[in-house]
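Visitor: I have a structure to go through residue by residue. Could you take my questions as they come?
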Amino acid sequence: MVNQAQYFADLEPPFCSLAVMKSFDGLTKEEKLYAHWISKASWAGARVIMEQWAPHANSLYDFLILLFTDPSTGTIFADLEEVRTKAGVEQNEFKYFVGYTAQSLSNLVNYKNFGNTKFIPRSSPSTIDKLISSHPASSKLSKYWPKLKEAIYSLDPEPILQIGKPSSGHLSNIYPDSPSISDAEVEQVSELMRKEGIEPQNTRLRKEGNGKFTLLIASSEEGEHEKSPLKGDGVEVKIQLGDYKDAMAKVVSSLEEAVKWAQDENRAGMLKDYITSFRTGSVIAHREGSKKWVKDVGPVVESYIGFIEDYLDPYGSRAEWEGFVAVVDKEQSKLFKQMVDQAPELIQVLPWGKDFEVDEFKKPDFTSLEILSFATGGIPAGINIPNYHDIRENFGFKNVSLGNVIGASAPTEPNTFIAPEDDAIYTQWKKKSWAMQVACHELLGHGTGKLLTEDRDGNLNFDKEKVINPITKGKVKTWYKPGETWSTFGGEISSSFEECRAEVVALFLANDKRIAKIFGVETEEDVDLMQYTTFLEMCRAGVRGLEWFDPKTKKHGQAHMQARCGIFKWLHSKDIVTLEEKRDETGTLVDAHIKIDRENLKKNGQKVAGDLLLLLGIYKSTADPTAKSFYHDLTTPHQKWQTELRDLVFKKKLPRKIFVQDNTFVKDDEAILKEYELSTKGAIQSFIERDL
């Protein structure tokens, strides 16, 4: 039976600001207008995100926006207390539902972006009934409500509470109307796509029955694709353009406006390539735009947009929409440039050796950004893009650290699972440790490691007679065949496995004095404290990651937390960390503290991290089929952790912060920025005025 309490929306989540007004004010008129139109294009794609997550997401969004909009002003009701009393709703019931609304809008769906699990209101359906009845637009709202009631409140069947494979009963609108689509069928279609050179990033797949499928490609233009249909082994795949056509048309329109303010020929060309991609569905055009983006070094206003990350796809190949625009923090970026300049030397200490490292480390543009707007259900702390591996190797990539995201925190947030004697150290060092960890993760984690490949002419990018596998001590026996990528090879583990590899790079380098110095950490004692805090933070995240592990299905719901669970398990097995249990007089587990012996960490921590890093790195480089079973074993928590420790994690669960993002508007030919109060009301108002 489902534990309803585990699915309630967070109670009183902290609201955070990106505090970007000062950075925005420092832009020129042209830069502000450029940023505005990129922001508009990014948020136009939010409708795509909703549709990718759940079939009801767009309707739910429209319903909640309408419910809190005053028709007379076009924005949020000025007095929400008056709305409550007019509807006759009890105070707590109203507070719970307003909180649910803010969380649903911020996630762009009623599933947690971080964890892929459904959440439901703490308030009863009768609260919504009353709010609808007293609303000026009650007749319109009443048309939504019967269809949405089950989507909002239902906890049955249990598998539908998780975004995942339809074959396991989970929800995935990347495979719309296809509850019976099998893993084998997805792979069969993927193989046909690989043979025809059709990339999956901007596609969805629908099963029609009797061996027939429709491949939906995101574009504003409609029609059948020139390569349609694909046929093979009893399968026929019609390829249809025009998925999300209305949203994509708005994206294109905003980007066309942004071109006018690009102020740079290469940047304008980049936007035109994106426009072609979003109009026609061409991934090749997006690749061309991404090449130009990599060449756009050191812009004042930074951005990226498109179908980027594949975390949402349970098969790890189709990508979720996102778009951001940000202002470069020039002072902080100077520090990151030092790290980039030293990177070719820094990566030489990584454990896999030069044969498994990129032939040439192409120094990326590594900047600290102040995010102006990020169209996503969950803002990351750092990004390493583009995700096209061939572009990364041949043209380079960019690293961005999102400074105003890293710096945002709730001042009263407790340090769960940290021992009292470590609390002061952890509190003092966690922000600096996190900033350094993100930098190492993105630049030296995602930015390193060579894939051993064979091209269509049979040429290898390594010497199979000379290159020795450091794990087997023999010749390399496996590599990527033509058309194979890490995503297609790794499938459902690909995203989490790569996040794990990047996280362990950060652990491995946590005591590197050269990196520490860049971040203002110079004494040996402080370097040790930095390493100590980094390991504490990773282990704490590993324990908290049990929240997103389902003991019934043995599946993780979040790629990064799966990685951190695995790292914690590895460090625990190697005696780097122990878990000190606190029990009451009945023997019930009431708390647990992460304990790390500092001397042992200083002596053995890097080696233990390096041993794991070598396995992760070589398995990925060589397309070793062992990777999947190894990673499954690594990230499956001990049975004891799956029960009482996981129960404790839920009891001590902290609400996730909500970023109340600003909006930009054009007034008298000038772009202006509007801030909102840090509250449920401010969050809801920001979405109403975003006018998606």
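Visitor: Which residue caps the N-terminal end of α21?
Guide: This is a predicted model, and every value here is computed from it. Look for a side-chain oxygen set against the backbone nitrogen of His560; the separation is 2.7 Å. The residue that supplies this oxygen, and so caps the N-terminal end of α21, is Gln558.

Visitor: How many of the residues of α21 are buried?
Guide: Helix α21 covers residues 559–573. From its first C-alpha to its last it reaches 21 Å, close to the 21 Å expected at 1.5 Å a residue. The helix is mostly covered. The buried count is 13 of 15.

Visitor: Which residue just after α21 takes a positive phi?
Guide: Most residues other than glycine have a negative phi. Just after α21 there is a positive value, about 65°. The residue is Asp575.

Visitor: What is the phi of Leu108?
Guide: Leu108 sits in the loop between α6 and α7. Its relative accessibility is 2%, so Leu108 counts as buried. Leu108 is not a glycine, yet its phi is positive, at about 70°.

Visitor: Is Gln263 buried or exposed?
Guide: Gln263 also has a positive phi without being a glycine, about 60°. Its place is the loop between α10 and α11. Relative accessibility is 54%, and the cut-off for this class is over 50%. Gln263 therefore counts as exposed.

Visitor: Lys118 is buried; which side chain of opposite charge is nearest?
Guide: Lys118 lies in the loop between α6 and α7. It has no salt bridge. A salt bridge needs a separation within 4 Å, and the nearest candidate is 7.6 Å away. That side chain belongs to Glu150.

Visitor: Which residue has its backbone oxygen 2.7 Å from a polar atom of the Lys118 side chain?
Guide: Start from the contacts of Lys118, leaving aside neighbours within four places in sequence. They include Tyr7, Asn110, Tyr111, Ala151, Ile152, Tyr153, Ser154 and Leu161. One of these residues places its backbone oxygen 2.7 Å from a polar atom of the Lys118 side chain: Ser154.

Visitor: Where is Pro157, the residue joined to Asp156 by a cis peptide bond?
Guide: Most peptide bonds are trans. The bond from Asp156 to Pro157 is cis, with omega near -5°. Pro157 lies in the loop between α8 and α9.

Visitor: What is omega for the bond joining Ile385 and Pro386?
Guide: Pro386 is in the loop between β12 and α14. The peptide bond that joins Ile385 and Pro386 is cis. Its omega is about 5°.

Visitor: Why is strand β10 largely enclosed by the rest of the structure?
Guide: Strand β10 pairs with β9 over eight bridges, antiparallel. It pairs with β11 over seven bridges, again in the antiparallel sense. The enclosure follows from burial, because the buried residues of β10 number nine of ten.

Visitor: Which residue in β11 is the bridge partner of Gly323?
Guide: β11 spans residues 365–375. On the β9 side, Glu309 stands opposite Glu320. In β11, the partner of Gly323 is Ala375.

Visitor: What separates the C-alpha atoms of Leu241 and Ile217?
Guide: Leu241 lies in strand β8. At 14% relative accessibility, Leu241 counts as buried. Its contacts beyond four places in sequence include Ile217, Ser219 and Thr280. Leu241 and Ile217 are 24 residues apart along the chain, but their C-alpha atoms are separated by 4.9 Å.

Visitor: Which residue has its backbone nitrogen 3.0 Å from a polar atom of the His225 side chain?
Guide: His225 is found in the loop between β6 and β7. Leaving aside neighbours within four places in sequence, it is in contact with Ile217, Ile239 and Leu241. The backbone nitrogen at 3.0 Å from its side chain is that of Lys227.

Visitor: How many of the residues of α4 are buried?
Guide: Helix α4 is mostly covered. Its buried residues include Leu60, Tyr61, Phe63 and Leu64. Among the elements that the buried residues pack against are α3, α8 and α25. The buried count is nine of eleven.

Note on methods
Residues numbered from 1 in each chain as written. Predicted model: local features only at pLDDT ≥ 70, side-chain atom pairs only at ≥ 80, totals over all residues. Heavy atoms only, no water. Buried < 20%, exposed > 50% of the residue type's maximum accessible area, 1.4 Å probe, protein only. Helix = DSSP H or I, 4+ residues; strand = E, 2+ residues; numbered from the N terminus. Pairing = 2+ DSSP bridges. Lys, Arg positive; Asp, Glu negative; His and termini not counted. Polar contact = N/O pair within 3.5 Å; in protein donor to acceptor, adjacent residues only side chain to side chain. Contact = heavy atoms within 4.5 Å. Expected span 1.5 Å × (residues − 1).
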